[in-house]
Number of protein chains: 2
Amino acid sequence: MKRTSYCGALTAADIGQTVTLNGWVDRRRDHGGVIFIDLRDREGIVQVVFDPDAEHCFQLADSCRSEYVLQVTGTVRARSEATVNANMNTGAVEVYGTELEILNSAATPPFQLDDHVQVGEEVRLRYRYMDLRREEMQKGLRLRSAVTSTIRNFLHDSGFLDIETPIMTRATPEGARDYLIPSRTHPGKFFAMPQSPQLFKQLLMVAGFDRYYQIAKCFRDEDLRADRQPEFTQIDIEASFIDEADIMALTQAMISAIFKQHLDVELGEFPSITWRDAMHRYGSDKPDLRLPLELVEIKDLLKDIDFKVFSGPANDPACRVTALKVPGGAQLSRKQIDDYTKFVSIYGAKGLAWIKVNELAAGVDGLQSPIIKFLGDQVTLDIMARLQAQDGDIVFFGADSFSVVSEALGALRCKVGADLNLYSCDWAPLWVVDFPMFEADGKGGLTPLHHPFTAPSCSVEELKADPAAALSRAYDMVLNGVELGGGSIRIHQPTMQAEVFEVLNIGAQEQREKFGFLLDALKYGAPPHGGLAFGLDRLIMLMTGADSIRDVIAFPKTQSAACLMTDAPGAVANEQLRELNIRLRQSATEQ
Amino acid sequence: MKRTSYCGALTAADIGQTVTLNGWVDRRRDHGGVIFIDLRDREGIVQVVFDPDAEHCFQLADSCRSEYVLQVTGTVRARSEATVNANMNTGAVEVYGTELEILNSAATPPFQLDDHVQVGEEVRLRYRYMDLRREEMQKGLRLRSAVTSTIRNFLHDSGFLDIETPIMTRATPEGARDYLIPSRTHPGKFFAMPQSPQLFKQLLMVAGFDRYYQIAKCFRDEDLRADRQPEFTQIDIEASFIDEADIMALTQAMISAIFKQHLDVELGEFPSITWRDAMHRYGSDKPDLRLPLELVEIKDLLKDIDFKVFSGPANDPACRVTALKVPGGAQLSRKQIDDYTKFVSIYGAKGLAWIKVNELAAGVDGLQSPIIKFLGDQVTLDIMARLQAQDGDIVFFGADSFSVVSEALGALRCKVGADLNLYSCDWAPLWVVDFPMFEADGKGGLTPLHHPFTAPSCSVEELKADPAAALSRAYDMVLNGVELGGGSIRIHQPTMQAEVFEVLNIGAQEQREKFGFLLDALKYGAPPHGGLAFGLDRLIMLMTGADSIRDVIAFPKTQSAACLMTDAPGAVANEQLRELNIRLRQSATEQ
């Protein structure tokens with residue numbers, strides 16, 4: 001006897017049918033001498049009824065406990081009107097059980113599967129195979145599988161070839177720390193795990209594959225801030241003989257198709273804004289455009305006041321002085337404002353000036369703020385005019401270096417906007433373009449804002465003349481304040497690549513050692529090419545509304561990069577280390 | 001101006017169209033004052049003609065060299081009848097070039113791309129991005145991409161969820177050496193890279209996902225015999241509430257669909273033979289059924305002769321005495337037979353007796369052999385009768401332990417069959433089933449023939465009573481003598497798993513340490529489940545007819561597990577090793 005249907009798939013159309021089901025006991029109740037078992041499989045739950053008439057079954061059903069694995073045969077019947085459960089997909093029917101086999105018993109679960117919110121993540125990760133039985137986790141991973149399939153078919157149908165690149169490779173210059181693999185056959189040498197398939201995908205373009213994609217595992221040995229994983233998954237796309245517009249159109253169509261198909265959401269046209277505009281208007285290179293709030297420059301208004309906290313930065317070309325108007329913010333309590341002051345200090349802001357707009361018609365008397373006396377009445381009113389402030393608003397101020405003000409007020413914009421629920425829409429995608437090629441490395445030199453293979457939008461001569469002013473042909477796709485993906489047109493000419501290395505102060509020998517094979521490849525006829533990579537984990541997290549990427553990864557690691565279920569990483573026999581030509585340092589063996 | 005068509009896609013239907021092409025100069029010829037450029041992209045080659053009328057283009061075209069990257073605009077026109085090239089897809093047309101841009105120049109290639117056969121594999125691997133430009137390599141990787149897509153859609157449409165499992169995990173007991181990754185955050189501890197996702201896929205079944213698949217990277221640090229790679233790709237499939245027949249039907253349908261869609265081959269029904277039969281009839285657990293040759297037991301005929309070489313094994317229950325009849329083999333020279341004798345010695349055979357059948361009607365006088373005098377005339381003729389020998393055959397003999405005879409004559413069967421081209425068909429798929437659960441480990445104990453999670457076909461009591469006799473619920477899919485894939489129904493009950501560990505002499509503590517999380521998982525309600533894994537590299541190698549899996553992997557490693565292109569593995573700074581809490585052994589640093 002084999003399964004004829006999934007539990008969760010039964011509907012009124014099945015009434016009268018004899019079915020065989022497999023699943024887990026979600027709940028067993030004894031009610032008026034009848035046993036009710038909620039039988040669960042990946043498609044959902046159906047109620048199975050065993051009454052004493054089916055004597056053998058009844059005894060067995062009575063012995064079932066939570067998470068027992070059953071095979072049930074029975075007849076689908078309508079529930080009585082009083083017992084129809086509108087909250088269940090199968091709530092109109094139940095199965096009258098006539099045969100029952102217990103395929104496996106189960107010990108009492110380590111935590112209640114229907115009550116996960118109160119369960120610590122540590123227990124969930126330790127018993128991940130139980131945690132994954134929960135509906136929320138099942139749904140997340142099913143969506144992930146379905147979205148992955150959509151992506152693959154979209155790219156396949158667009159002529160992209162799925163080509164695998166190595167996991168055991170050479171260190172790549174992505175900026176983060178590499179995970180290493182000691183080689184047994186080459187004593188003293190190590191493979192590095194890829195932080196991305198960057199160089200391989202460029203080489204595939206040099207090899208003439210024209211259009212490549214891969215859903216690739218990538219690895220970064222970082223200190224796991226916030227929501228990072230040591231291994232993560234990237235949708236990696238590269239094409240030849242294309243420009244920015246081609247890649248952006250293709251990937252925008254792909255993401256739009258995913259949202260339409262799986263969430264029934266129309267993302268519409270993606271606006272495109274320059275990096276410079278994004279920083280000025282939103283204080284971020286991945287602005288959350290669901291929030292209608294913008295930063296407004298007021299440097300010119302504050303140059304001549306006595307109050308040095310503002311006039312100092314207002315007269316310093318490296319600084320910015322900016323106001324953020326928040327509608328409805330006048331209701332914020334002193335305590336809340338103090339909390340925001342603490343919040344912006346994380347980003348280096350030394351304080352958080354504010355003005356509440358209670359009654360603008362009353363002039364400065366209708367405003368409430370500790371700083372009006374320092375600004376002066378006229379300047380204060382000029383600021384209100386520029387901001388088009390209205391009663392009920394609060395205005396926050398930032399005056400410091402460009403980066404501190406941008407980061408602090410950019411983050412504050414998102415935080416206050418979320419706290420006051422100022423979202424004007426559910427989904428706000430956009431492109432950020434025209435990034436600088438380089439940023440200061442803090443040691444008097446320059447470092448690439450993306451990676452050293454990104455093409456500038458200027459000529460070799462222009463780059464040489466003023467590298468700090470050069471813009472790159474990079475583009476990021478941002479959704480709801482999260483960077484979904486980023487990419488660029490790459491350098492395909494050896495002279496340009498050499499010049500970029502020159503700007504980065506990477507000498508000929510280092511070029512040769514680190515990127516010799518890429519430089520060789522560019523020499524033998526590299527086509528113009530570019531691409532883009534999306535973070536799959538983040539995309540699915542956004543789509544499911546999960547709190548963490550850990551919730552959309554089947555077997556994730558903790559923040560200290562451990563797997564609580566398998567207890568990895570683990571100790572290794574000395575003999576194995578000897579074969580690999582390594583030994584532990586004393587400090588490690590002592591722990 | 002953007003590309004309007006691939007070079008290789010132009011046909012007579014395009015005549016009169018203005019097209020823009022991108023591609024590489026495959027060949028440039030100057031013929032009667034006209035420049036002919038064969039322009040190549042991933043779809044093929046088209047001839048572009050530049051004549052002196054288009055003056056600017058002509059000069060530029062004249063300057064092009066092999067592997068230059070071009071953008072060409074021109075008009076498609078019919079070739080004159082005399083110049084039509086039937087060997088090219090585009091051979092009926094050519095493009096009359098009116099605009100030309102050199103997108104990139106190219107140094108002289110390190111080897112001729114159209115002449116690869118004479119190029120050593122080392123050069124090909126070092127300049128892999130050039131090697132991959134060759135039509136054969138392009139075709140292989142395109143087929144790989146297309147087959148992968150077919151597999152994914154087949155499994156997706158069959159309700160399988162694509163779920164990723166970790167690359168950084170704990171050592172798994174697959175028998176080979178693990179690659180290790182030192183942990184920085186857990187000093188002295190190591191991740192292991194998976195030899196297969198075996199335990200994770202079982203846990204996904206425990207978690208209730210019901211049907212899982214993954215095209216997964218797997219890793220084995222083996223001494224690379226023959227055609228192995230340190231990282232390889234597995235099509236990994238697992239399902240719950242199914243039996244052998246379900247998995248075999250599903251995967252047979254999948255492989256059949258692939259062969260039909262991509263090679264237009266009907267594989268037909270796959271015969272199923274037991275492991276025991278396969279060993280007896282073909283001397284192999286992955287027999288090549290394209291060859292109609294079978295081994296025939298003759299033990300009973302040789303028990304009473306004086307010749308100890310045969311009568312010894314014939315009277316030893318641990319030995320087998322077997323004959324292999326090869327039609328047409330009477331033509332083999334003494335030299336060839338000597339070579340086969342050397343060949344079987346690799347497998348431990350101490351010699352290779354043979355009889356040529358020249359004219360059977362003449363009795364033993366019509367036979368030619370050094371051993372007839374030892375066998376005696378009657379025994380010789382009895383053997384000929386049992387084998388139904390015919391004029392022109394040769395008969396080889398094996399008499400030794402079961403394993404030596406099976407391996408030696410099994411290998412000889414394939415070698416002679418290939419040398420004499422005795423294949424009766426192009427494709428011969430089959431299933432091998434009813435494997436033994438265990439084999440002797442050579443130290444008086446037992447070791448699993450597959451892995452310790454394979455379910456036996458008997459009860460716990462029967463297993464306990466006679467473990468050596470137990471058969472497993474494992475199955476291998478074999479095609480043309482190559483094991484394409486293998487799998488089994490897994491143990492889902494803790495008592496059975498404990499008994500198998502008992503048989504393998506794995507104590508409670510070792511069970512806990514190595515497989516604690518699996519044993520826990522089985523306790524909490526594991527469903528009956530099983531699966532199968534295919535080697536993708538081998539599948540594509542078979543389908544393309546490539547000599548090596550290296551030819552169907554974009555960036556493979558050498559037999560010493562190195563990448564000649566990136567020069568991986570590489571040296572690592574001491575600082576990095578210190579962060580990872582390891583140091584090199586003296587022996588490694590000295591090299």
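## Briefing: helix crossing, barrel and annotated sites in chain A

Helix α7 (residues 275–282) and helix α12 (residues 402–419) of chain A cross at roughly 65 degrees, with axes that come within 8 Å. Keep in mind that this is a predicted model. Beyond that crossing, there's a closed barrel of five strands to look at, plus a set of positions that UniProt lists, in an unreviewed entry, as "binding site".

**The α7–α12 crossing**

- Angles from 65 to 115 degrees count as roughly perpendicular, so α7(A) and α12(A) are roughly perpendicular to each other.
- On the α7(A) side, the contact is made by Met279(A), His280(A) and Tyr282(A), while α12(A) brings in Phe402(A), Ser406(A), Gly410(A) and Arg413(A).
- Sorted by class, that contact has three nonpolar, three polar and one charged residues.

**The barrel**

- In chain A, the five strands of the closed barrel go β1-β2-β3-β5-β4, and the pairing is mixed.
- On average, neighbouring strands of this sheet are turned by 55 degrees against each other, direction ignored.
- For one pair in detail, take β2 (residues 34–41) and β3 (residues 44–50) of chain A, which pair in the antiparallel sense over seven bridges.
- Within that pairing, Ile35(A) stands opposite Phe50(A) in β3(A).
- As general background, strands of a sheet pair through backbone hydrogen bonds, either parallel or antiparallel.
- Helix α1 (residues 55–63) of chain A lies across β1 (18–31), β2, β3 and β5 (93–104), and runs at about 70 degrees to β5(A).

**The annotated positions**

- The UniProt record, an unreviewed entry, puts "binding site" at Glu174(A), Arg220(A), His450(A) and Arg490(A).
- His450(A) sits in the loop between β19 (446–448) and α13 (460–465) of chain A.
- With a relative accessible area of 31%, His450(A) is partly exposed, because that value falls between the 20% limit for buried and the 50% limit for exposed.
- Setting aside neighbours within four places in sequence, His450(A) is in contact with Phe435(A), Ser472(A), Ala474(A) and Asp476(A).
- Arg490(A) is also in a loop, the one between β21 (482–489) and α14 (494–503) of chain A.
- Arg490(A) has a relative accessible area of 3% and is therefore buried, as anything under 20% counts that way.
- Again leaving out neighbours within four places in sequence, the contacts of Arg490(A) include Gln198(A), Lys201(A), Gln202(A) and Glu238(A).
- Also among the contacts of Arg490(A) are His451(A), Phe453(A) and Ala455(A), along with His529(A), Gly530(A), Gly531(A) and Leu532(A).

Technical notes: Residues are numbered from 1 along each chain as its sequence is written. Chains are lettered from A and ligands numbered from 1 in the order in which they are written. This is a predicted model: local features need pLDDT of at least 70, side-chain atom pairs count only at pLDDT 80 or more; totals for chains, interfaces and linings use all residues. Side-chain values use heavy atoms; hydrogens and water are left out. UniProt positions are given in the numbering used here, feature names are shortened, and annotations may be inferred rather than shown by experiment. Helices (H or I, at least four residues) and strands (E, at least two) are DSSP runs, numbered from the N terminus. Buried means under 20% relative accessible area, exposed over 50%, partly exposed in between (1.4 Å probe, protein chains only). Contact means heavy atoms within 4.5 Å. Two strands pair if DSSP finds at least two bridges between them. Axes are lines fitted to C-alpha atoms, for helices over the stretch in contact, and angles run from 0 to 180 degrees between N-to-C directions. Angles under 35 degrees count as roughly parallel, over 145 as roughly antiparallel, 65 to 115 as roughly perpendicular and the rest as oblique. Ala, Val, Leu, Ile, Met, Phe, Trp, Tyr, Cys and Pro count as nonpolar, Asp, Glu, Lys and Arg as charged, and the others, Gly among them, as polar.
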